[in-house]
Amino acid sequence: MAIVNQCPEGGVNWVIDGELTIYTVAELKAELLPSLAPNGDVEVDLALVNEIDSAGVQLLLALRQAVTACGNALHMKGASPAVRDALQLCNLAHVFDGHASLI
Amino acid sequence: MDINLDSALQTYIVEARDLLHQMEEALLVLENDPNDSDTVDSLFRGAHTIKGSAGLFGLTPIVSFTHGVEDLLDRVRDATLNIDSALIALLLACTDHICELVDVVAERSASLDAQAVQRENALRERLMTYQVSTPTSPDTWVRQSVIDDSAVRAANLDWHISLRFGEQVYRNGMDPFSFLRYLNTLGEILHIVTTTTAMPALPEMDPESCYLGFDIRFRSAQTFETINEAFDFVRDDCAVHILSPRASLSEFAALLGQLPESRDHAERLLVESGSLLPGELDSVQSQLPTQPSPSTDLELPADPVQLRGDSAPQATAREQKSRESRYVRVHADKLEELINLVGELVIAGAGAKLLASYNPESELRDATAAVAELVEKTLDCALRMRMVPIGDTFSRFQRVVRDVSKELGKDIELEISGGETELDKTVVERIGDPLMHLIRNALDHGIEAPAVRQANGKQARGRLRLNAFHDAGNIVVEIIDDGRGLDRERILEKGRERNLVPAGATPSDSDIYNLIFEPGFSTAEAVTNLSGRGVGMDVVKRNITALRGSIDLDSRSGEGTTVRIRLPLTLAIIDGFLVGVGEAFYVIPLERVQECMELTSAANDAARRCGYIDLRGEVLPLLFMHDYFSIEEAGAGSRRQNVVVVHHLSKKIGLVVDELMGEYQTVIKPLGKLFGALHGFGGSSILGNGAIALILDIPALLTRLSEDSRACVSKSTTTSESLSVSQGQRS
């Protein structure tokens with residue numbers, strides 16, 4: 001499940017809750033894709049994600065790629081223990097903290 | 001999350017239970033004979049496999065508990081720990097607990113209840129006591145030379161592993177993360193770089209495809225084989241490159257060439273993962289031209305170092321041994337040869353039996369009868385070896401149904417029954433495609449969208465059922481949907497348009513539905529009219545017919561469609577009924593024969609005139625084999641004639657023959673290419689006396705007769721207009 005909030009100053013705020021796994025990624029992509037706008041940063045709140053797998057991480061990477069391609073930034077606002085654990089496993093935590101990386 | 005019941009996990013559960021059972025048996029053996037090192041090995045292997053596979057599925061509770069057991073067994077194997085009854089009791093309790101873990105964690109994806117956790121902690125404590133009390137003096141278990149090796153290795157235990165997962169990984173039910181987690185049980189991931197260079201931009205990327213790659217610096221004292229084994233399950237879907245701690249720079253250079261990324265990018269990945277130092281890059285680059293691409297891919301490192309006394313190749317050999325104790329892998333060709341030989345044996349046996357029957361000595365007859373019985377049993381056994389349950393084929397479609405229904409926005413449930421029904425392996429292999437086609441058709445066009453279903457007063461969730469059962473030497477596979485059914489009128493209209501239905505004729509419902517199997521029926525126009533149903537159905541039918549099977553279809557408007565496929569159990573041998581016509585012999589598949597009767601000369605004359613007889617009030621059309629196959633009448637009609645009543649589906653016909661020779665095990669020999677154009681024959685067979693008998697293909701014969709007579713030889717109770725199989729049209 002994802003909730004999309006348009007911020008008055010132009011950015012977008014996503015709140016994803018529940019599963020972020022292979023079972024939900026297709027749905028989530030369809031929900032989030034239309035809200036991508038060329039201007040304004042994106043903030044994604046993952047504090048309510050109780051399960052995430054590599055497909056979920058992959059979707060986050062794809063979203064981030066799409067946001068940065070427009071010259072904006074994607075910030076991760078909250079991260080549940082499951083999300084933190086997964087990002088640590090593949091060493092991607094820093095990517096969502098805004099540091100530059102290979103990706 | 002849903003209970004993860006995908007088939008790989010199922011396989012794991014079954015395998016784990018098998019292994020636990022074997023471990024239990026091994027423990028009981030050890031109780032009597034504590035020095036049986038083979039059994040200790042098999043015990044260790046069992047625990048190792050259960051742990052390793054659990055790691056692949058991310059079943060952490062199983063991994064962590066089994067790890068302790070494995071450690072303990074490892075030391076029993078190294079003879080640092082003696083087996084006594086207390087240890088056996090502990091290990092038995094441990095296998096019970098692992099069994100419980102498999103039930104709870106793997107099968108129900110739940111966690112243990114408080115009681116079980118308590119039990120687990122108690123067991124862990126008991127395992128720990130063995131851990132502490134063991135002497136750790138190295139020279140009791142490690143040879144001096146090995147220590148030297150490990151000293152060298154201690155300097156650098158860092159492996160480099162490059163993984164590039166293929167797009168199908170998720171669809172095959174695997175998660176790349178589980179491999180990373182499993183690596184963590186084999187050693188330590190020092191650094192990992194995740195790459196997504198293969199991933200298209202967001203709008204184009206398919207979130208259910210995998211585009212991930214990892215470059216890992218991995219510290220482990222394991223052998224190459226152990227690390228490599230971790231990826232056995234994903235080998236087809238992932239490019240795995242493992243470089244040993246001693247890998248030379250040229251091996252890194254070769255790796256750079258094999259990674260899908262651009263060379264620059266790949267270099268940065270290797271440097272970032274820490275496996276290469278920035279300074280080393282230049283020397284790697286200088287090696288590139290001279291070292292094009294040695295085959296480092298998955299090759300053994302030049303000198304694999306083993307820390308333990310046992311070498312990994314031995315371990316694999318032992319692992320295979322345990323599998324072989326349950327199954328023997330036989331090359332299909334050998335099996336084929338065996339069945340062929342048994343076929344010849346049946347022919348030779350029939351010959352011997354024939355000769356014996358002319359011999360007055362009853363002892364000889366008894367002996368040949370005993371041999372014949374054994375031959376028959378051997379034949380049954382040989383054929384059964386090729387039999388496999390159809391369930392595996394069925395369960396493959398779970399995923400198809402899930403994917404297609406998701407794609408179409410429908411809610412469809414697949415129900416499988418009769419999965420244990422067995423049939424010949426070659427048939428199983430060749431039935432997959434037609435089944436897939438029929439199932440997709442049912443999902444696509446048969447079952448309506450949820451809203452439509454609800455509007456029609458049906459449950460929103462559609463049901464598709466796959467069913468299989470044995471019936472008279474055939475296997476019947478049913479694909480049943482509860483969708484909208486076929487549009488009878490449209491098909492009839494279409495059939496009239498294409499001249500498939502003669503003007504004025506009123507074919508039965510099933511004849512109408514079966515029109516969709518006609519080649520060319522599925523034109524674009526028909527597609528729109530019948531919402532696509534019928535596309536490629538002629539191909540399906542052709543495939544089924546090629547297997548000597550038949551397909552028919554039943555449908556109720558608004559209630560659903562049932563497609564029924566009948567297939568022979570095996571393609572090699574049939575039970576036949578041997579008949580003689582003049583000098584020639586014919587074999588009729590026994591399951592097609594309903595009954596035999598005498599045709600008296602008086603009845604014969606009448607029958608010849610009208611082309612049918614009265615079979616207990618039913619009209620039975622006759623086919624005079626003499627005329628049909630243009631065989632010279634031997635005794636100028638003086639011989640008594642017989643009628644063999646054969647049936648297919650609901651059609652019946654009487655074949656008029658000279659002689660009934662009884663049941664006959666028929667080994668099918670295909671007719672040569674020369675006779676490819678002949679219809680109505682399923683093959684030939686060589687009789688015991690060396691004569692050749694042709695095998696009648698009753699369904700084809702019936703179809704041909706109906707076509708010839710331009711009317712349906714349908715249910716025997718139909719009116720006389722369907723009985724136009726008169727002599728005139730036959731000749």
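## Reading charges and burial in chain B

Author: Let's start with a small backbone detail: Gly274(B), just after α10(B), takes a positive phi of about 90 degrees. Keep in mind that this is a predicted model.

Reader: Okay, and which residues of helix α10 of chain B are buried?

Author: In α10, residues 263-273 of chain B, the buried ones are His265(B), Ala266(B), Glu267(B), Leu269(B), Leu270(B) and Ser273(B).

Reader: Now salt bridges. What is the general idea, and how many are there over all chains?

Author: Side chains of opposite charge can pair when their charged atoms come close. Here the count comes to 19 salt bridges over all chains. Take Arg77(B) and Asp74(B): their side chains meet in a salt bridge at 3.3 Å, N to O.

Reader: How are Arg77(B) and Asp74(B) placed in helix α3?

Author: They sit three residues apart in α3 (residues 60-77) of chain B, so about one helical turn separates them.

Reader: Is that pair buried or exposed?

Author: Buried means under 20% relative accessible area. Arg77(B) has 18%, so Arg77(B) is buried, and Asp74(B) counts as buried at 13%.

Reader: Which pair links distant parts of the chain?

Author: Look at Arg461(B) and Asp411(B), whose side chains meet in a salt bridge (3.3 Å, N to O). That pair links distant parts of the chain, 50 residues apart: Arg461(B) is in the loop between α17 (450-455) and β8 (462-471), and Asp411(B) is in the loop between α15 (391-408) and β6 (412-417). Arg461(B) is partly exposed at 38% relative accessibility, and Asp411(B) is partly exposed at 33%.

Reader: What about salt bridges that share partners?

Author: Try Arg453(B), which forms a salt bridge with Glu448(B), the closest N and O atoms being 3.1 Å apart. Through shared partners, Glu448(B), Arg453(B), Lys458(B) and Asp482(B) are joined into one network. Both Arg453(B) and Glu448(B) are buried.

Reader: And Asp658(B), what does its side chain contact?

Author: The side chain of Asp658(B) makes a polar contact with the side chain of Gln641(B), at 2.8 Å. Asp658(B) lies in the loop between β18 (651-657) and β19 (659-667) of chain B, and with 7% relative accessibility Asp658(B) counts as buried.

Reader: Last one: which residues gather in a patch of negative charge on the surface?

Author: That patch holds Glu376(B), Asp380(B), Asp575(B) and Glu663(B). Asp380(B) belongs to helix α14 (residues 362-385) of chain B. Patch members need over 30% relative accessible area, and Asp380(B), at 41%, is partly exposed.

Terms used
Residues numbered from 1 in each chain as written. Chains lettered and ligands numbered in written order. Predicted model: local features only at pLDDT ≥ 70, side-chain atom pairs only at ≥ 80, totals over all residues. Heavy atoms only, no water. Patch = residues over 30% accessible without salt bridge, like charges linked within 9 Å, V, L, I, M, F, W, Y side chains within 5 Å. Areas by Shrake-Rupley, 256 points an atom, 1.4 Å probe, with all protein chains shown as cover. Salt bridge = Lys/Arg side-chain N within 4 Å of Asp/Glu carboxyl O. Lys, Arg positive; Asp, Glu negative; His and termini not counted. Charge placed at Lys NZ, Arg CZ, Asp CG, Glu CD. Helix = DSSP H or I, 4+ residues; strand = E, 2+ residues; numbered from the N terminus. Buried < 20%, exposed > 50% of the residue type's maximum accessible area, 1.4 Å probe, protein only. Polar contact = N/O pair within 3.5 Å; in protein donor to acceptor, adjacent residues only side chain to side chain.
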